[in-house]
Amino acid sequence: MRFFKDRKDKDAATFQDSSKDFQELLKKFEASNDFLTFQYPNEDDYTISYFNSLVSEQQLHEHVLTAISNQPKKDLKQLKGEIPMEDMKLTADLNDIQRLVLAGSVMIQYRKDEEMCLLIPCVHSVKRQISTPESEYTVVGSKEAFVESLDSNLNLIRNRLPTPELQSKEFRVGSISQTRLAVLYIDGIVNQQIINTVMQRIEDIEYDTIVDISFVSQMITDNRNSMFPQLIDTERPDHLASVLSEGKIGIMLDGSPHVLVGPNTIISFFSSFEDYFQIWNLGTSFRLIRLFAVLFSVLSSPLYVAVLTYHYQVIPTDLLPILISSRGVIPFPPILEAIVLEGTIELLREAAVRLPAKVGSTIGIVGGIVIGTAAVEAGFVSNVLLMLVALAALASFTVPIYQISNTIRLIRFPFLIAAQLYGLFGIALCSAFILSHLLKLTSLGSPYLDPLYPLRVHDFKDSLIRLPFSKQKKRPQFLRTENPLRMRKKADTQKSQSDIDE
């Protein structure tokens, strides 16, 4: 008998604590001016509470209040069956009540002091219409881009991949923001080890507010101190659908119009999705031009400093008088000249980005011309270096992925310092240091320098070059997919068709 008495006392104490917590939650809600509560005339009737900034008044009046007014007073379980709404929930769990009310649900209590609540979703959502891509704009191909709504983005992907194997696993990230996050992959193709790694890292995120997908990218990458990005940020649904079929994964965040894609190699950041819309030889040519442009953008200024400081004997005889005349009145050493000019280019870039679009483009063009011309005429920089820096800046704009372009902008400065200290040997030393870093770098556990290291001849079919689709019968080996084949043999296709006919 004593056991049952203690059990009864314990349950009563638990109920009192729960009721106290529920009343404290209501007080927190009622402290906000946009939280509305109204009760029907009788004390034993319904009490309706909601945030009017989150709830659609039209849905509330048409579906909820109309159903309550037309029916005699019933308990919440009976009322749930009378309201023509989906995803309603009858619960006394405080976590569910808090989450759903803050997500736009209407809370109905049978009596004001009761903890059991019927939560009816009447979400008033403000969505941006689907527009054209901005950072990944292409002349040909789809003109749709992701928006801030997670459900809209999932709709864009499922329309392109209508297969039950396309899986979406949702999480809540941010202890305060409780932002919805979805991991997308195609079951039967993707390597399960990659999925487990990503999900574990997402579950380990401990941060109060996650407002953009870039927050997630910085928290789940393999090396968080590396300047080289390991996850690609895309805004194109067709791009995401294509890489999902390769065996990669996508990570979406509610409120962000961009999606993370991984694992990736360094070549992926210099490959434009538009390469696949061209015939294979043109796509390969454009990809090689981009790689050459990146090398020129990084090494042009350091080579100028190294040659003029230590290795002037390698300058051709015909070019030597031009360099002498251009630097005859320059009072600064080549390194200071290069840093000043590179710094000016970066200032112009930042000013053009931060200012409004119409003013920013004008500042970039006029500022570059005026400052460059004035610097040469004043004798601060040589016209040869000005031309090299301008070409290097132009070459850096050929990179199709924005994240890697920031890396290219920054690594020029270590090369400049190394060129000033040790000349061409310094450039080689800096290159060896970066190469050793890239050799150790991974993207969700996959090697970053594939197919160069480890050497995979098969993956060369879509890396430095892009062969025709008929030659790309298998998915990339570095992804270690469960189903490596992308193209069936003709005999298998005919056999499947005959089975269908029978």
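## Sheet of strands 1 to 5

An open sheet is built from five strands in the order 1-2-4-5-3, and its pairing is antiparallel. At its edges are strand 1 (35-39) and strand 3 (89-91), each of which pairs on one side only. From one strand to the next, the twist averages 20°. The structure described here is a predicted model.

Strand 1 and strand 2 (residues 47-51) run antiparallel and are joined by five bridges. Within this part of the sheet, Phe35 stands opposite Phe51 of strand 2.

## Sheet of strands 6 to 10

Another open sheet of five strands has the order 6-7-9-10-8, with antiparallel pairing. Strand 6 (166-173) and strand 8 (232-234) are the edge strands, pairing on one side only. Neighbouring strands in this sheet are turned against each other by 25° on average, direction ignored.

Edge strand 8 is joined to strand 10 (residues 259-262) by three bridges, and the two run antiparallel. Here Ile232 has Val261 of strand 10 opposite to it. Helix 8 packs on the sheet and touches strand 6, strand 7 (179-186), strand 8, strand 9 (249-253) and strand 10. The direction of helix 8 makes about 50° with that of strand 7.

## Cavities

Searching the whole structure gives two cavities of 30 Å³ or more. The largest has a volume of about 460 Å³. Its lining consists of 30 residues, and those nearest the centre are Glu246, Lys248, Ser268, Tyr276 and Asp462.

Helix 8 (residues 237-246) gives the most to this lining, with four residues. Helix 8 is thus a shared element of two descriptions: it packs on the sheet that contains strand 7, and it contributes to the wall of the largest cavity. By residue class, the lining of the largest cavity divides into ten nonpolar, ten polar and ten charged residues.

## Salt bridges

Side chains of opposite charge can pair when their charged atoms come close. The count of salt bridges in this model comes to 15. One of them links Asp96 with Arg99, whose closest N and O atoms are 3.5 Å apart. That distance falls within the 4 Å cut-off for a salt bridge.

Asp96 and Arg99 both belong to helix 4 (residues 94-101). Because they are three residues apart in this helix, about one helical turn separates them.

## Backbone exceptions in loops

Two cis peptide bonds precede prolines. The bond from Gly262 to Pro263 is cis, with omega near -5°. Pro263 is placed in the loop between strand 10 and helix 9 (280-309). Strand 10 covers residues 259-262, so Gly262 is part of that strand under the DSSP assignment of strands.

The bond from Asp450 to Pro451 is also cis, with omega near 5°. Pro451 lies in the loop between strand 12 (446-447) and helix 16 (490-501).

Gln178 is not a glycine, yet its phi is positive, at about 50°. Its place is in the loop between strand 6 and strand 7, both of which belong to the sheet with the order 6-7-9-10-8.

Notes
Residues are numbered from 1 along each chain as its sequence is written. This is a predicted model: local features need pLDDT of at least 70, side-chain atom pairs count only at pLDDT 80 or more; totals for chains, interfaces and linings use all residues. Side-chain values use heavy atoms; hydrogens and water are left out. On a 1 Å grid over the protein atoms alone, a cavity is a set of points where a 1.4 Å probe fits but cannot get out, and a pocket is an open set with protein on both sides within 12 Å along at least five of seven lines; lining residues have an atom within 4 Å of a point. Grid points are joined across faces, edges and corners, and a volume is the space filled by probe spheres set on the points. Ala, Val, Leu, Ile, Met, Phe, Trp, Tyr, Cys and Pro count as nonpolar, Asp, Glu, Lys and Arg as charged, and the others, Gly among them, as polar. Two strands pair if DSSP finds at least two bridges between them. Axes are lines fitted to C-alpha atoms, for helices over the stretch in contact, and angles run from 0 to 180 degrees between N-to-C directions. Contact means heavy atoms within 4.5 Å. A salt bridge is a side-chain nitrogen of Lys or Arg within 4 Å of a carboxyl oxygen of Asp or Glu.
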